[in-house]
Amino acid sequence: MPVTSVGVNHNLVALDELARLSVASEQILARLDRADVPGRILLNTCNRFELYVETPTFHGGLELVLAAVRDALAPADQHLVDQFEVYAADAAVQHLLEVASGLDSMVVGEAEIIGQVRGALTTAGPRASAALHRLFDAALTTAKAVASESGLGEAGRSLAQVGLDLVEARHFPLAGRRVLLIGTGSYARVVTAALLRRGCTDLSVYSPSGRAEQFATSHDVRPVTEAELDAALAATELVITCSGGQHRGEPVLGTFQLAATRAGAPLLPVLDLSLSGDVAADADKLANVDLIDLDEVGAAAPAAQTAAVLRARDLVNRGVETYLHLEQGRQATPAVTAIRAHVTQFIEREIESANRRYDAETAAAVAHSLRRVSNALLHTPSLRAAELARTGGLDDYSHALHTLFGIEIPR
């Protein structure tokens with residue numbers, strides 16, 4: 001069954017539109033659960049919304065997926081489906097491996113995407129078919145090779161790093177500064193690690209979903225409760241938000257709250273790394289607030305170094321070739337299974353006969369010899385079947401098995 005990629009990224013739609021797609025993700029997956037879609041994995045990040053699906057037919061499966069997305073969206077957002085890009089079969093493989101390797105990110109070579117791809121596979125659980133598991137495993141293997149061999153990570157930096165660079169360039173070095181982090185998801189862990197590397201150790205965390213205490217048990221931060229949030233805002237020197245749209249588009253920090261808590265205070269940089277916007281957009285109108293949002297971070301991302309990108313693309317192309325080589329060989333599995341079953345039935349009959357005619361030790365030796373000879377004889381036909389599957393000659397191979405041995409190959 002063909003694998004298809006369907007979705008959009010930051011190059012096709014605005015970030016707030018991506019956020020609205022993200023909000024509808026559970027409804028979309030629920031609709032696909034009820035449809036004839038054997039396998040599906042959702043890759044939903046701060047700058048992309050993509051579904052990878054395995055369906056009985058390409059066109060029929062594509063219509064099911066697009067209909068599920070359209071039906072789950074509010075009428076005002078249904079036009080987003082018209083912006084979806086579609087990659088089928090080999091092109092879907094190429095696309096995912098490029099995505100996982102950081103070649104299609106807002107910041108080329110970003111460090112977070114490989115974890116997001118791994119998380120998408122894990123989150124999919126039983127929704128992921130065996131074919132999609134193999135595809136995502138191949139993508140992760142290639143991404144690791146790109147990270148370790150291409151130097152792409154040095155050419156591009158993560159969104160968090162770019163955002164922190166902006167703060168330092170426009171305001172102050174982060175070492176020794178007091179920072180309030182809002183959000184406790186996977187991206188908050190990335191931000192925390194980046195701050196610690198820059199010598200920023202006075203960290204507090206507030207969670208809109210009440211997870212600050214839990215986050216603080218595994219990170220060197222102080223939890224902030226709802227009742228303590230205003231005081232924390234008044235005392236901090238930098239706010240970083242990355243709650244991941246937990247309030248479905250509603251800003252965690254409003255303009256009134258910032259104005260009230262920062263009255264008479266020095267200029268406060270607010271780095272909003274959330275997809276949906278954790279900070280009210282008009283907060284930037286406050287005289288003592290400098291709001292740096294995800295769009296500005298993306299625009300400040302450095303251009304990638306050409307040599308590193310070329311090396312990364314070469315590794316991706318090799319990964320695609322390896323994956324397709326293995327997948328094409330898998331088409332021979334029914335033929336190989338059938339011929340092995342055909343030979344095995346004769347071998348087992350002879351072993352049963354030996355068990356009746358000889359003592360246990362002799363019968364065991366005969367069985368061992370027969371199975372060893374069987375494996376040796378079947379080795380070359382098995383390899384030949386895989387090779388013919390890759391070159392398009394498997395039908396002739398199957399016909400020959402039927403003509404010579406009466407073996408039927410299941411379709």
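Biologist: In this predicted model, are Y52 and F136 buried or exposed?

Modeller: Both residues, Y52 and F136, are buried.

Biologist: How should one read a pair of aromatic rings?

Modeller: In general, such a pair is described by two quantities, the distance between the ring centres and the angle between the ring planes. Here, a search of the whole structure finds one aromatic pair. The ring centres of Y52 and F136 lie 5.4 Å apart and the planes stand at 90°, so the pair is classed as edge-to-face, the cut-off for that class being over 60 degrees. The pair also links distant parts of the chain, since Y52 belongs to strand 3 (residues 48-54) and F136 to helix 6 (residues 130-149), with the two positions 84 residues apart in numbering.

Biologist: Where does the charged end of R177 sit?

Modeller: The charged end of R177 sits over the ring of F172, at 4.1 Å from the centre of that ring.

Biologist: How do strands of a sheet pair, and in what order do the six strands of the open sheet run?

Modeller: Strands of a sheet pair through backbone hydrogen bonds, in either a parallel or an antiparallel sense. In this model, six strands form an open sheet in the order 7-6-5-8-9-10, with parallel pairing. Strand 7 (222-224) and strand 10 (289-292) stand at the edges with a single partner strand each, so one side of each has no neighbour in the sheet. On average, neighbouring strands of this sheet are turned by 20° against each other, direction ignored.

Biologist: Over how many bridges do strand 5 and strand 8 pair?

Modeller: Strand 5 (residues 178-182) and strand 8 (residues 238-241) pair in the parallel sense over four bridges, and V179 has L238 in strand 8 as its bridge partner.

Key: Residues numbered from 1 in each chain as written. Predicted model: local features only at pLDDT ≥ 70, side-chain atom pairs only at ≥ 80, totals over all residues. Heavy atoms only, no water. Phe/Tyr/Trp six-rings, centres within 6.5 Å; stacked < 30°, edge-to-face > 60°. Buried < 20%, exposed > 50% of the residue type's maximum accessible area, 1.4 Å probe, protein only. Lys NZ or Arg CZ within 6 Å of the ring centre and 35° of its normal. Pairing = 2+ DSSP bridges. Axes fitted to C-alpha atoms, helices over the stretch in contact; angles between N-to-C directions.
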